[in-house]
Amino acid sequence: MESAPPSRRGAKRLPRRAAAGRRSFTSTLKALDALAASGAQVSVRIDDLDLGSAVLSGDDFRSLPIAGLGVVPLLVETAAQFEAGTLEPLEIIDRAGLEPVSVSGIWQHLKAPALPLIDVALLAASSGDALAANALMSRVGLPAVRARVEQLGLTRSALMDSFRDTRGPDDAPHVALGAAREYAHLFAELVNSTAVSAGVSAQVAEWLSHGHDLSLVAAATGLDPFAHDNDEHGLLFVNKTGRASGIRTEAGVLAGPRAGVAYALFVCFDDLSIAHRLRVHDAFRVLGVELMEYVY
């Protein structure tokens, strides 16, 4: 893994300890190297939003399973169709026509059997709702999402299948694949208003800003998982996680008074015990601490 130096301007304004963290991400590298040594597959990318250059990269071209993080291109295509007028945001979609799926989400527990598409998109973005994501896929269509993935330049990423409780031999082995470099770049485009259009970027970023999963990288931010779109301490944070057996992924943007970064960390591991899982979670949180030192 490689660590790139920050700008001189940023380094001059920082205390010595924080400046060292910005130069090297030493603790993050150590944690990720330990995971790789244990047999995990690790891919990481951090880009400085102001400099437009990599701060940290490691196997960031590798395509890995990313679980629910793969819905981000689906959200982009949904927002693009809303903007184009080919999809009506208040169109009602009924979950009764969908295959039941219980892997994650709250719609399956709600009494309302039908919701407008724009609310379904918010559920898919904010709570990792698998049923909501499947509803969007059924309406938007995987071919349209795949075309959007290509248009976004995600050559090593793909949304492959809907969410399922069990995967048979005729099903795709994973919901989605992704490369850390591409997802860090996609999140940078979302906050820079260059993903499809300014309107589409703003809509997707708004959906994602309500995300509830702040337990990995975001654990270091101190943000409220249920209300963090307007932080009183000046942090801008947008993220999406992906979770499945042996898969932990996260991509997002974190910006503070000193700097802003787009990041992605993907880890595929043998989920043999709680200890194995917690070691992976700890690595995400170490990255979060050093990202906070970089931006704040």
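**Exercise 1. Strand residue L115**

Determine whether L115 is buried or exposed in this predicted model, and identify its surroundings.

*Solution.* Step 1: the relative accessible area of L115 is 15%. Since the limit for a buried residue is under 20%, L115 is classed as buried.

Step 2: L115 belongs to strand β6.

Step 3: with neighbours up to four places away in sequence set aside, the contacts of L115 are E91, I92, I93, W107, V120 and L123.

Step 4: for a position further along the chain, take A158, which is 43 residues from L115 in sequence; the C-alpha atoms of the two are 27 Å apart.

**Exercise 2. The nonpolar cores**

Find which residues touch the most other members of the largest nonpolar core, and which elements contribute to that core.

*Solution.* Step 1: the largest core holds 61 residues, and the ones that touch the most other members are L75, W107, Y183, F187, V204 and L208.

Step 2: two or more residues come from each of α4, α5 (117-126), α6 (130-140), α7, α8 (180-191), α9 (198-209), β10 (247-255) and β11 (260-268).

Step 3: a further core of 33 residues lies apart from this one, and its members include L56, V217, F284 and V295.

Step 4: W107 may be examined individually. Beyond four places in sequence, W107 contacts I93, R95, A112, P113, A114, L115, V120, L123, D129, L131, A132 and A135.

**Exercise 3. Burial of helix α5**

State how many residues of α5 are buried, and what they pack against.

*Solution.* Step 1: seven of the ten residues of α5 are buried, and the helix is thus mostly covered.

Step 2: the buried residues are L117, V120, A121, L123, A124, A125 and S126.

Step 3: their packing partners are α4, β5 (92-94), β6 (114-116), α6, α9 and β9 (236-244).

Step 4: after α5 comes G128, which has a positive phi near 60°.

**Exercise 4. Helix α4 and its two partners**

Classify the packing of α4 against α7 and against α9, and give the residues at each contact.

*Solution.* Step 1: α4 (residues 71-84) and α7 (residues 142-151) have axes 9 Å apart, at an angle of about 100°. This angle makes α4 roughly perpendicular to α7.

Step 2: α4 supplies P73, L74, V76, E77, A80 and Q81 to this contact, while α7 supplies A144, V145, R148 and V149. By class, these residues are seven nonpolar, one polar and two charged.

Step 3: the axes of α4 and α9 cross at roughly 130° and come within 9 Å. It follows that α4 is oblique to α9. The crossing of these two helices is right-handed.

Step 4: on the α4 side of the contact with α9 are V72, L75, V76, T78, A79, A80, F82 and E83, and on the α9 side are G199, V200, Q203, V204, W207 and L208. This contact comprises ten nonpolar, three polar and one charged residues.

**Exercise 5. Helices α8 and α9**

Describe the geometry and the composition of the contact between α8 and α9.

*Solution.* Step 1: the two axes come within 8 Å and cross at roughly 110°. With this angle, α8 is roughly perpendicular to α9.

Step 2: F187, E189 and L190 of α8 meet S201, V204 and L208 of α9.

Step 3: the classes represented are four nonpolar, one polar and one charged.

**Exercise 6. Loop residues**

Locate D59, A67 and L235, and decide for each whether it is buried or partly exposed.

*Solution.* Step 1: D59 sits in the loop between β3 (53-58) and β4 (64-65). Its relative accessibility of 47% makes D59 partly exposed. The phi of D59 is positive, near 50°, although the residue is not glycine.

Step 2: A67 is in the loop between β4 and α4, and is buried at a relative accessible area of 8%. A67 is also a non-glycine residue with a positive phi, near 55°.

Step 3: L235 occupies the loop between α9 and β9. At 10% relative accessibility, L235 is counted as buried.

Step 4: beyond four places in sequence, L235 touches T221, L223, L254, A255, G256, M292, V295 and Y296. The C-alpha atoms of L235 and A259 are 10 Å apart, with these positions 24 residues apart along the chain as the sequence separation.

Technical notes. Residues numbered from 1 in each chain as written. Predicted model: local features only at pLDDT ≥ 70, side-chain atom pairs only at ≥ 80, totals over all residues. Heavy atoms only, no water. Axes fitted to C-alpha atoms, helices over the stretch in contact; angles between N-to-C directions. Helix = DSSP H or I, 4+ residues; strand = E, 2+ residues; numbered from the N terminus. Parallel < 35°, antiparallel > 145°, perpendicular 65-115°, else oblique. Contact = heavy atoms within 4.5 Å. Nonpolar A, V, L, I, M, F, W, Y, C, P; charged D, E, K, R; others polar. Core = buried A, V, L, I, M, F, W, Y, C linked by side-chain atoms within 4.5 Å. Buried < 20%, exposed > 50% of the residue type's maximum accessible area, 1.4 Å probe, protein only. Left-handed = near helix turned anticlockwise from the far one by under 90°.
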